[in-house]
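Trainee: I'm new to this one. Could you pick a single part, look at it closely, and then place it among its surroundings for me?

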Amino acid sequence: MMTNNKSTGSMTLQNVSKIFEQGNNQVRAVDNISLEINGGEFITLLGPSGCGKTTTLRLLAGFEFPTSGVISLDGKNIANQPPNQRPMAMVFQSYALFPHMNVFENVAYGLRLRKMNESEIREAVEIVLHMMNLAGLEKRNPSQLSGGQQQRVALARAMVMKPKVLLFDEPLSNLDAKLRTQMRVEIRHLQQRLGITSVYVTHDQVEAMSLSDRVVVMNKGRIEQVGTPVDIFVRPASLFVADFIGRANFIETKIQERKEQQCLINAFGGDYWVPCAESVTQGDTAYLMIRPEAIEIKPAANGNKNGEIQSTVFLGASVEYEIDANGNHLIAVDTSPRFDQILKENCPVEITFDPNRSYVLPYEDRN
Amino acid sequence: MSKRIVIFVVMATLFTMLAGCAAPVAPTEAPAAQSEAPAQPEATQPPAQNPEPAKVSGKLTVLCTPQEDWCVALTKAFQDETGIETNYVRLSSGESVARLRAGKDNPEFDVWFGGPVDGYEVAKDEGLLEPYASPNAAVIREDLKDVEGYWTGTYVGAFGFCSNKDVLNDLGVDIPDSWDDLLDPKLKGQIAMAHPATSGTAFTAFWTVTTLNNGDIEKAFEYYKKLHNNILQYTKTGSAPGPMAGRGEIAVALIFSHDCVKFQKEGMTSLVTSFPAEGTGYEIGGVGIVKGAQNLDAAKLWVDYVLRADVQEIAATVKSFQLPTNPDAAVPPEAVKLDTINLVDYDFFASADAKKGITERFDVEIAPAPKE
Amino acid sequence: MAAVSFNRRVNEFRRIASDWTLLTGLIIVVLFLAVTVIFPLAKMLGVSFTPDAIEYYIRYFSSSVYLGIIWNTVKLGLVVAFLGTAMGFLFAYVQVRVDVPFKKFMNLMALMPIISPPFAVATAAIVLFGRGGLITYKLLGIRYNLYGFTGLSLVLTMSLFTVAYMNLQGMLKALDPSLDEAATNLGASKWDVFRTVTLPMLIPGIASSFLLLFVEAIADLANPLVLGGDYTVLASRVYIAISGEYDIFAGSVLSVILLVPSITVFIIQRYWVSRKSVISVTGKPSGKPTMITNPLVRWGLFALNMLFAILIFMVYATVFVGAFTELFGINYNFTLRHFEFVLFGLGSQAMLDTSKMSLIATPIAGILGMLIAWLVVRKKFTGRGAVDFVSMLGIAVPGTVLGIGYLLAFNNPLKINSVTLLPALAGGTAIAGGTIALILAYVVRSIPAGVRAGVSSLQQIDPSIEEASISLGADNAITFRKIILPLIRPAFLTGLVYSFARSMTSLSAVIFLSTPQAKIMTAQILNEVDAGRFGNAFAYCDILILLVLIVIGILYLVIGTSNGVERDLGVSL
């Protein structure tokens, strides 16, 4: 599924930047990014607002043109190709359904422009409507549809074009939580079935993780890391990524020794061998990143105390503890709590952690 | 879809109706076989009184200064008789000269009809007119036509005061019969006249006052400065003050007496005509061909036409009671006989020479000035 | 940096050029505006700064009479702007915030001036309220002098306040009622709320209306000519200079003098005041506005509003009845001769000419207006602000000024080294008898309303709808035709309606351009009013109003409202 031959819808961005002029200021929305998108993959651009993900998507679509850099589709430079000539279809955050056309007309719009004949259009539209569970709604106007239905019409309209690349601009953010989850699953299944290259933009890391073959984490116009959801979660490339995907505790530490992919560090009064980043070597100061789920606490017997509980929050399926560990503020999550053993505030605890769910990152100035 | 068809049918019907209403200048095709009219001799050779109108075609555009209804009647009658499609635009005398001046290089009009000949003299001096001695001009008195043939008089009218007797009653003022009467402070804001720049009528009045002051323009300006305090508004058209008096908006209108009579006849029964005892002016209404006219032959025909006695009698049918210049034309009983009033010795040449200076100065010094 | 932005601009244009329909549209708009707006104005400015003309400046500015005229004009503008805004506010407030009967009637009366010709109100006012007036003299026995400053400002107020009314009504409707509720909750009385919440939020709208009315009032020609009395203003001076003397220097110099306050105020209104509005007029506030309940206030406002509405009604009733009356004021016998005169006499040519030219100008103005609105709102290119500004000059510039510009620019062919670029368009001997210049003048005067309607309409459309169309393969032309146009149809219709009404009733811009082959109804009406033949004038007015209503009706039937974006007529003005 991830081949790079001629017409699979693979894309490349090389040193692409986009600078906006606002009055006397220049805003670098996208700052010299390079990225390879494989044909048929589902790749998500993830990051906080203002990180440049939407601008990048619009650069791919052709609604913005790069200030510098090259964008290619299947090896061909498309930098000056106008958006309506690119073989891509976009699903918009607000759905952008044409209010003066019914569902059928909306979906048929792009096909009509290709001057296909009526019966072909009818067939194609019916198929895709069926696929999106919209059969029977052809004559309805967008205003008469629910949010989820509108979303699916928007999707149908894009899909029916059989584009080489599908672009998604935060399409689920206007839906309520339950619908969002449902639609997520549908989108993923659809994409896997059809194998169309999809570029998806979102700020929701749960969406990103659940939908993507790979995730591109962006921050301030730059790419922080590209990798599979596992890569990103287990081996984050920077503090930003570590903190953005899931939650993380950071403890400053010193590398005592390095052996292959692991480093020896000392934390909570014990020595641990923890997987660590390539660039960390013996003697470096570094950050130990521990996921809250990886922290184990038990009430401290005398002398074993290395932390104290500051607050306890019972969330039903899990319990969260805020812990003060000799000046370090930690968050620990117990994902299979024993309800009769929930620890209370001010309880002294002994902290250990699972090194296989932790990682050592190079030192960064955290300002 | 059918709704739109209905709409188009309605629209089409509406337009045909509107088009059908275009009656007066409805084009009647000029007779197909035309031979060029024999060129009218430039010299004053008087042939027969009513020569056969030559087969002239095309369109005629008339610059017409008298009252609109007379313009309509005359152009229609001309068109009916000759078959030439005739169009006119009605402009006051001063406006007419300005318009001719504007179109000097490319005149839109063929002939100018009506309005005091002071204006024609100005136009002649500026090279805007074409001389033509119509065979029908032979019967017109010498002092009523231009020696060189640039214009010919078609009517004569005396200038006077047109007052609303009810308003005068309310104000406690007698019917004015002298220029000085107009300066009565009781008439403050109760008099109206036209602006001499646009209107020949007003200019005639001005020159009359000048003449009464032995040609001293300064004295005339002094008079008008005083009169200005009593003026309510300067109208564009010479006869416009008449209906204002007729409706009771002012007490006295300074207009040509034949216009006053016309308004009386049209229903404004409170109006009375009077004349200043010191002497009043008069106008000779002219006709002349515009230099560079597009249809010179038709223009000449027109001049011949309006000098005819029977044509001059058309005026009375539209309540224009000027005195016709053709001695064979019937004089309407409503017309003011010139020998019953005191006329000044009006010098048209002097007035034409002084016109531009006077109107400009009037415009600057008097018209916009604040009242005392 | 400079190199970067130059490159960027070049790329912008390269992209626009690659979409040939966009390029064509842009070229058409720019060429059109250059020929019909910039060229005539430049020509007029050119004439007014020749050495001959400079003398006039000196003469005018050193003459106390002329300085008085300038002051008169400004004073008239200020007074009318104030009264008009106040009246508009009263009507608007009662419509939106006061629960009283006859609202439809009062609304209708407030809207009448849009379709009525410039002289209707003045002429009717003379016969009703003049020295011999039906109301003032026959009923009340006073000989009231309507001519001059007082009468002029009252009549102008009545004729122009509609713009203020619609503006303010739109703004009042868009005010968020929860603001009032919040204030009340914090202890404010109704009067406090009005004073500290409602009024301040409306200040941009009030200021806007004030400035717009000022511009219209100082540009007005019709009413000063009819009712001015001894109160001379710049517009009437310009008219006398040209039509009485054909003194183009005096005309252009006076035009420039008139142009300065006009453009200044217009710029202030557009680029400063309207930016300060804190009400998003495109928003739909929730809830109903709080209505006035205090009976004293309620019925007091009602009485005042009804008084003015009835006054307006009487004026238009007079226009209607006067057309059938022998001699209104003297002889009230029924007659049809005025209509005969207008329809079958000389009047018919003017009727046909004006209608034809207006009908030709209307769709042109409508389409250009939408095109300009689209280019300005949606597309980014250098000079976008300039295109926007120039398109608005059609109403920022007083009509007489535009008229003179056209006269100077189009009376003669435009030649460069004896190569004719443009043949003469105005004047009786020009192509098509001068109708082209007239039609262009009509178009230029109507474009601004179309642009504004289009802009406010487009701002309501989510830009991603256009992008969706493009991403599905449509180019700009198709997107405009299939997506934008249907959605802005109501605004387009509004623009068309306004164009036609405006063209039919326009006087000051076209009075210098009428020729024997192209007669203008409003100029004919002026002639009739000036000559005192009020019956004919009323008949003309009635026919004109009828024509405008018929065409508006047809437009509504043919184009109609769609399930697109609905806009208030008021906002588009």
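Mentor: Let's start with chain B, where buried residues make up 54% of the 372 residues. Buried here is for a residue with 20 or more other C-beta atoms within 10 Å of its own; exposed is for 12 or fewer, and partly exposed is in between, with the C-beta atoms placed from the backbone. Keep in mind that this is a predicted model: local features need pLDDT of at least 70, side-chain atom pairs count only at pLDDT 80 or more, and totals for chains, interfaces and linings use all residues. For finding your way, residues are numbered from 1 along each chain as its sequence is written, while chains are lettered from A and ligands numbered from 1 in the order in which they are written.

The secondary structure of chain B comes to 13 helices and 11 strands; these are DSSP runs numbered from the N terminus, with helices (H or I) of at least four residues and strands (E) of at least two. If you take the contacts in chain B with a separation of 6 or more, 77% of them come from residues 24 or more positions apart. A contact means that the C-beta atoms of two residues, placed from the backbone, lie within 7 Å.

The part I'd zoom in on is strand E10 of chain B, residues 282–290. Nine of its nine residues are buried, so E10(B) is largely enclosed by the rest of the structure. Which strands does E10(B) run antiparallel to? One is strand E3 (residues 111–116) of chain B, joined to E10(B) by four bridges. Another is strand E4 (residues 129–130) of chain B, with two bridges, and strand E5 (residues 152–164) of chain B is joined to E10(B) by six. Two strands pair if DSSP finds at least two bridges between them. To see the matches residue by residue, look for B:Trp112, whose bridge partner in E10(B) is B:Gly288. B:Leu129 stands opposite B:Val290, and B:Thr152 faces B:Val287 across the bridge.

Now step out from chain B to its partner. On the border with chain C, 51 residues of chain B are in contact with 44 residues of chain C. Several elements of chain C give two or more residues to that side, among them helix H4 (64–97), helix H16 (347–378) and helix H24 (534–559). Sorted by class, the side of chain C that touches chain B has 19 nonpolar, 20 polar and five charged residues. For these classes, Ala, Val, Leu, Ile, Met, Phe, Trp, Tyr, Cys and Pro count as nonpolar, Asp, Glu, Lys and Arg as charged, and the others, Gly among them, as polar.

Inside chain C there's a helix crossing to look at. The axes of helix H5 (residues 103–115) and helix H14 (residues 295–322) of chain C come within 9 Å and cross at roughly 55 degrees. Axes are lines fitted to C-alpha atoms, for helices over the stretch in contact, and angles run from 0 to 180 degrees between N-to-C directions. H5(C) and H14(C) are therefore oblique to each other, since angles under 35 degrees count as roughly parallel, over 145 as roughly antiparallel, 65 to 115 as roughly perpendicular and the rest as oblique. Where do they meet? C:Phe105, C:Met106, C:Met109 and C:Met112 in H5(C) meet residues of H14(C) that include C:Ala309, C:Ile312 and C:Phe313. That contact has nine nonpolar, one polar and no charged residues.

Chain C also touches chain A: 22 residues of chain C are in contact with 20 of chain A. On the chain A side, strand E6 (88–91) and helix H2 (103–113) each give two or more residues. That side divides into 15 nonpolar, four polar and one charged. In H2(A), the buried residues include A:Val103, A:Tyr109 and A:Leu111, and the buried residues of H2(A) pack against helix H3 (118–131) and helix H4 (147–159) of chain A. After H2(A) comes A:Lys115, whose phi is positive, near 60 degrees.

Finally, chain A has an open sheet of five strands, in the order E16-E20-E17-E18-E19, with antiparallel pairing. Its edge strands, E16 (295–299) and E19 (328–334), each pair on one side only. Within it, six bridges join E17 (residues 307–314) to E18 (residues 319–325) of chain A, and A:Ser311 stands opposite A:Glu322 in E18(A).
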